Amino acid sequence: MKTENQRAWFLVLPVLVLVAFNALIPMMTVVNYSVQETFGDNLFFWQGLDWYEQILTSERFHAALGRQFLFTGLILVIEVPLGIAIALSMPRQGFWVPVCLVLMALPMLIPWNVVGAMWNIFTLPDIGLLGYFLNHTLGINYDMTQDPLAAWITIVTMDVWHWTSLVVLLAYAGLVSIPDAYYQAAKIDGASNWAVFRFIQLPKMKTVLTIAILLRFMDSFNIYTEPFVLTGGGPGNSTTLLSIDLVKMALGQFDLGPAAAMSLIYFAITLGVSWLFYTLMTKDDLN
Amino acid sequence: MQKRSIVPIVYILFLMLPIYWLVAMSFKTTNEILAGFSLFPQTFTWDNYITIFTDPTWYWGYINSIIYVSINTVLSVTVALPAAYAFSRYRFLGDKHLFFWLLTNRMAPAAVFALPFFQLYSAVGFFDTHIAVALAHCLFNIPLAVWILEGFMSSVPKELDETAFVDGYSFPRFFTTIFIPSIKAGVGVAAFFCFMFSWVELLLAKTLTAVEAKPIAATMTRTASSAGYELGLLAAAGTLTIIPGAIVIYFVRNYIAKGFAMGRV
């Protein structure tokens with residue numbers, strides 16, 4: 001049991017001050033922009049909710065949102081099962097465990113624009129390893145600067161390369177925490193591999209998987225740098241995800257009002273979906 | 001080794017291929033890269049690395065990155081420790097709401113904050129300083145650090161605290177000499193995550209800096225603009241950005257799996 005103690009606020013205070021400074025002031029700036037029109041020179045005019053209406057009804061936003069959900073959906077559907085499968089087939093102890101973990105964690109520690117640049121030179125049609133292999137060895141016509149499908153396959157593959165290890169590490173941590181006695185009991189009962197997975201491993205991994213899915217959702221939904229460096233949102237607008245579109249609008253066109261309204265809608269969607277995931281996945285614990 | 005070890009081996013090969021290509025390219029001359037495909041460097045050269053280590057605008061990029069990442073990691077973990085303790089041990093007015101609010105900041109798209117951060121840090125005179133980037137990254141790292149540490153702390157039995165207080169330990173002394181050492185693994189994992197995020201993030205770091213505190217990842221973008229597209233130099237700079245990460249993972253390799261399992265993360 002936790003004890004009731006209001007002085008605990010003092011322990012939280014430094015965190016509160018730092019995060020509030022970084023979160024509330026910028027957030028208020030965004031809110032201010034979102035309800036005003038500006039023509040530069042610090043002249044602002046009250047605009048009400050017009051920008052919100054404009055964004056919510058604009059086809060450009062709908063298209064970017066659709067692409068974003070498609071991207072995030074693909075990422076979750078591919079990375080979560082793949083990550084679990086890899087974690088299940090990893091050795092549980094011995095010399096190879098740290099080797100596997102270090103090598104697998106490596107992509108996550110590479111700066112995001114280097115990831116984009118790395119995949120860019122990896123997939124260049126004539127001089128990149130993958131691009132050359134596809135075009136000249138397999139004879140597939142692959143050029144992601146021309147073909148939207150190729151661009152999509154490339155950004156999804158890049159993200160799988162970049163982030164599947166996070167799911168692996170978390171799932172693996174859940175797996176190694178299962179006591180041997182559970183497996184022995186299952187063996188005595190003659191449980192199949194599937195039964196062991198379904199009734200022992202999966203329930204034990206549930207907490208870490210909830211975190212993995214939440215983190216993968218948030219990060220893939222907010223992704224900016226890697227696809228921007230790799231494809232720049234192209235060809236055309238085919239890989240312009242929400243963040244890329246937002247930065248284009250805010251810093252490229254300097255449409256601060258609409259961009260601010262879009263930011264807040266964007267944030268609200270991220271929050272809403274995260275909350276939904278969280279409630280759905282922890283529902284059983286509460287009952 | 002059984003046949004199931006095929007899966008991790010294939011996966012690791014898949015992870016290593018693009019990295020191999022980056023490293024291989026960093027040892028090629030720009031002419032060789034543009035001339036056509038070659039699996040290994042034909043004319044092996046260190047020139048790209050020499051350029052980086054002799055040009056201050058290049059190597060200062062690394063130093064800048066390391067400075068703000070270190071400040072951020074130390075700051076985030078230091079303020080997160082007492083807060084995580086409060087969340088794991090006490091009930092207080094608004095605790096659950098506060099915890100959730102902290103986590104919502106982890107969900108904010110960095111793109112949303114780019115412009116307001118620029119204005120805020122310019123207004124307080126921190127623009128283009130290491131402190132600005134370190135503070136900005138706190139927005140994402142503090143919630144994560146609190147979350148990770150809270151998990152670890154909750155797995156430490158409360159009797160430890162009670163015994164220490166009965167023995168006459170003051171809170172600060174108990175906290176620094178007994179409690180923190182008992183969750184060393186958690187501090188390691190939290191610091192690892194703070195380092196990781198701060199090292200890899202670029203959008204905010206680039207927005208908040210111009211010259212003095214420009215991170216290496218932003219310096220790299222200039223290979224595309226000046227003197228054409230120097231792929232070899234880009235590859236060498238990219239290769240060098242992998243090294244600090246590799247060193248950090250090597251140090252926490254034994255904590256990572258165990259650490260995750262112990263904490264609630």
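User: Before we look at chain B, where do domain bounds come from?

Analyst: Domain bounds come from an automatic or database domain assignment. Keep in mind that this is a predicted model. Here, chain B is split into domain 1 (1–45) and domain 2 (56–262).

User: How far apart are the centres of domain 1 and domain 2 of chain B?

Analyst: Taken over C-alpha atoms, the two centres are separated by 31 Å.

User: And how should I read the place where they touch?

Analyst: One general remark to begin with: the size of an interface is often given as the accessible area lost when the parts come together. For this pair we can use contacts, with C-beta atoms within 7 Å as the cut-off. On that basis, eight residues of domain 1 of chain B are in contact with seven residues of domain 2 of chain B.

User: Which elements of domain 1 of chain B give two or more residues to that side?

Analyst: Those are α1 (6–26) and α2 (30–35) of chain B. The most comes from α1(B), which gives four residues. By class, this side of domain 1 of chain B has four nonpolar, three polar and one charged residues.

User: Nice. Now chain A: how many helices and strands are there?

Analyst: Chain A has 12 helices and three strands. Its C-alpha trace spans about 75 × 70 × 30 Å along the principal axes.

User: What percentage of the residues of chain A count as buried?

Analyst: Of its 287 residues, 41% do. You can also look at sequence separation: among the contacts in chain A with a separation of 6 or more, 70% come from residues 24 or more positions apart.

Notes: Residues are numbered from 1 along each chain as its sequence is written. Chains are lettered from A and ligands numbered from 1 in the order in which they are written. This is a predicted model: local features need pLDDT of at least 70, side-chain atom pairs count only at pLDDT 80 or more; totals for chains, interfaces and linings use all residues. A residue is buried if 20 or more other C-beta atoms lie within 10 Å of its own, exposed if 12 or fewer, and partly exposed in between; C-beta atoms are placed from the backbone. Two residues are in contact if their C-beta atoms, placed from the backbone, lie within 7 Å. Ala, Val, Leu, Ile, Met, Phe, Trp, Tyr, Cys and Pro count as nonpolar, Asp, Glu, Lys and Arg as charged, and the others, Gly among them, as polar.
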